[in-house]
Amino acid sequence: MRAARHLVAEMELWKLCWQQVEAFVDRVEGARDQDNSAEARFHALLNAALVVERERALRSETAPLGDPVVTGEPRPSLATGWTGEYRIWRLPGADEAELAVAQLYEEPGSGQDPVQLLPPRDFYSYFVEPSDKKFAKSDNGEITVRMPAYPGAGTATIIGTAASITTNPIMGGILTPDIKEDGDIVSLFSPDRREDATLDIDQTGEWIQTWSELTSKRRDNRASASEGDVKYFGASGSTTAWSAGTAQEALTLCDNVIAGRPAVGTFYMATALKVAEAARGAAQTVAGNAQILRDAAEVLDETGTRSADIPGLLRTTADGLAPRPDLFVLVADAADALAPLLAVSPNSTPSASTLSARKTAAEALRAAAGEVLAAMSGANLPLLMAPPEAGPLGPELDETLAERIAYPDGSLRILRALEQGFVRFWPSRMRWFLQRNRLTLGIAMARFRAPFLAGLRALLRGGDTGFPVDGLSVLTPAATRSTKLRLGHPASLLPAMSDVEAGHMVLTTEGRSAAMTVLGVTGDQGRLAFDISPLRVSTAPSPAAGPEDSPGLINPGQALDTFVPGTGLSVAALMGGEDPSDPVRDGPVESAVILYSQLALLFGWKAVEPALSSSVPTYAARSIPDPSGMPLESLHLYGGAPANVTTFVIRGAGAQFLDMSVPSAPRPRIARPGEHLLIRGRAKGEDDGRPGQIRQAAIMAGDCYAIPAQAFHRMDKSAIALLSTTPLPSGDIDACLAGCRPEEPLIMLVLERTWQTFELVSEVTLRRDFDGFDLPSLAAGTLMPVSVIQTVTGSPPPGPADVERSGEFKAARGYLEEWTRFARR
């Protein structure tokens, strides 16, 4: 069992190494869960502060700060929006929280104090069942491991678009924003403050600025700055902002035009255009402000706040917000209508009609601007009486942000530290997987499966099975399905069995023949014994058999052969799953069909066929052909399959899959006894209306026979799935079969075993097109992510990318465990 023991040791290593990856990810996800509530509260409060800043800017002459970064990229672009010269003109947001916990980046001789923001990368995705607690956070069952997981929506984050780790290197696209001192307006946690914090062993000082402190300093800087220095990008990106002064400018313009006062040059027209631009910008700015506050209140109800009054205050403000965006649109339209009428032609006097049109347009603008002013003056809302940092939102933002970025144990600080650790850890783990797969795993797996393939090749083509010991015989009777074979030799011969490997095959050819796959060698009550795969012995009666013949039993005293004479099993026997010349010899046929389907389940038929045939493998010319001569997956079926169903009833299969050459005894051509098949279909969809995944699992056929419809109606249908080649009406099975003729044959496939633990509701097919699984996944005991397999093996995992195959993998991995379990002793 040397090959099996070597493989077991290798698989244990792979399993351990991947478990370390999963444990690391679980720790990161745990830290993220701890930060989620504070993050949601912080973002909701930032959105509320954003609205307060916007609304106050519309009502006063105070120079506003720009919108904070919440979940979108900073304006005007990713390259410039993270620089200090742009950040200082906006409210501190999620960007400042990220910079406060980022690592310092040493750049000798630069004269700067940058931090390092790693780019977001999607490392891999994995699938969870609906019963998993993580399912609520998944996308139809799929969870993507992204690190660092910056705020954002979809693949877009505040640091840029998240890309796959297989197509974008970890170190590509790193941002290094500056957090220099410069009056403490650039950062919450400047380098000097960081140094002081690290030297404060007892952590008695407050070294990180509060949100309110940084905001207040930025506001003072904004008030004292000249307009030429300001780089402001608000909700609309407009550099012309509406304020109470803009409304007054509009009224003054209207008074002058109505009174007929002449303009100096193009001053009147320029003023009208300025008012129009500012009004349209304001319409965009205030649109949705009320809903932003209501959404923030909903979040704060869930996450809780320092003051219980905050959610109610946000709702009250949302109800009282005015003016509506359409009032600003009226102002903009009126100003746009007035502007061309104010054009001045040199050396000309406006006509009476022009003056009249100007007056009419000015009166319309005056009325619209008056409505805006009236709406503004009537809104006496407490939340808008002071800037965000000086009002009720300030203490909430200070406390929430401190909870996240506190040094050294803020929830966001811990999360980003763990994520950066994973990012640094990932390349070395991938190198281990890559080298181990190339140098060890592939060789170990090839040596392990070689005896299985040699025995199967002998059954199919004839020749030696490769078993290294001759002269053995059976001591006690062995019944079909038994997994132990006692031999007529003393256990002292165990050392002579050292060359026996898991997968070696022995046969009995006298009486009821059988082919046995040896999995282990042991002693049993002082005698040699083989641990074998479940034995298959014919249970069919035989008139020509002698008096000592027992159906389903190998008699004692039979010699164990290691050579298959002739050219092996016939094509007719393999297609039918039984020996047409003598039913007592069905055992080797069943064993060959089962072993072939098991190997194909694990490694794929394309990997199995080259070891069985010298020709180039094609699906139509496989060593064990389909019973019908046609691919089973070409049988298109309607209907569903409940979870853990044990019986399939197929209606209308047609002559290709139901042999009617003897009308009184129709013979199905769907599956052979013990053969493994695949069942694929669409699972139940989500509550939001999205269709479910296409999922696939393995099943093991038992009996397959035809029964008339009238007999089926009298059967228990509690564990039966009805499939048909034509659409089925709604209702129970009896209703679906109401149109069947009493004598119409139905195919009944009874399963010996199933790994289909989920419900399939449509698009069901039975299949034999086994793609198998990649070696790293088989070794690690779990379906490793596509991106990992792509990196480790240089190609995508086998099988269709849009099919979820965890049920199929469970069966494959189960057989690998079964075949190696005796090497673990």
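Which residue stands opposite Asp122 in strand 8? Ser164 does. This is a predicted model.

## The three-stranded sheet

Asp122 belongs to strand 3 (residues 121-127), which runs parallel to strand 8. Two bridges join the pair. The sheet they belong to is open and has three strands in the order 4-3-8. Its pairing is mixed. Strand 4 (142-147) and strand 8 (163-164) are the edge strands, each pairing on one side only.

## The largest pocket

Strand 3 also supplies the largest share of the lining of the largest pocket, six residues. The pocket holds about 1,400 Å³ of space. Its lining counts 50 residues. Nearest the centre lie Ser125, Tyr126, Phe127, Leu783 and Met784.

Several other elements contribute at least two lining residues each: helix 1 (2-59), strand 4, helix 21 (786-793), strand 25 (803-804) and helix 22 (806-820). By class, the lining splits into 21 nonpolar, 14 polar and 15 charged residues.

## The hairpin of strands 12 and 13

Strand 12 (residues 505-508) is covered on both faces. Met505 and Leu507 are buried on one side. Val506 and Thr508 are buried on the other.

Strand 12 runs antiparallel to strand 13 (residues 514-524), and four bridges join the two. Thr508 faces a partner across the pair: Ala514 in strand 13 stands opposite. Five residues lie between the strands of this hairpin. Gly511 takes a positive phi there, near 65°.

Note on methods
Residues are numbered from 1 along each chain as its sequence is written. This is a predicted model: local features need pLDDT of at least 70, side-chain atom pairs count only at pLDDT 80 or more; totals for chains, interfaces and linings use all residues. Side-chain values use heavy atoms; hydrogens and water are left out. Buried means under 20% relative accessible area, exposed over 50%, partly exposed in between (1.4 Å probe, protein chains only). Two strands pair if DSSP finds at least two bridges between them. On a 1 Å grid over the protein atoms alone, a cavity is a set of points where a 1.4 Å probe fits but cannot get out, and a pocket is an open set with protein on both sides within 12 Å along at least five of seven lines; lining residues have an atom within 4 Å of a point. Grid points are joined across faces, edges and corners, and a volume is the space filled by probe spheres set on the points. Ala, Val, Leu, Ile, Met, Phe, Trp, Tyr, Cys and Pro count as nonpolar, Asp, Glu, Lys and Arg as charged, and the others, Gly among them, as polar.
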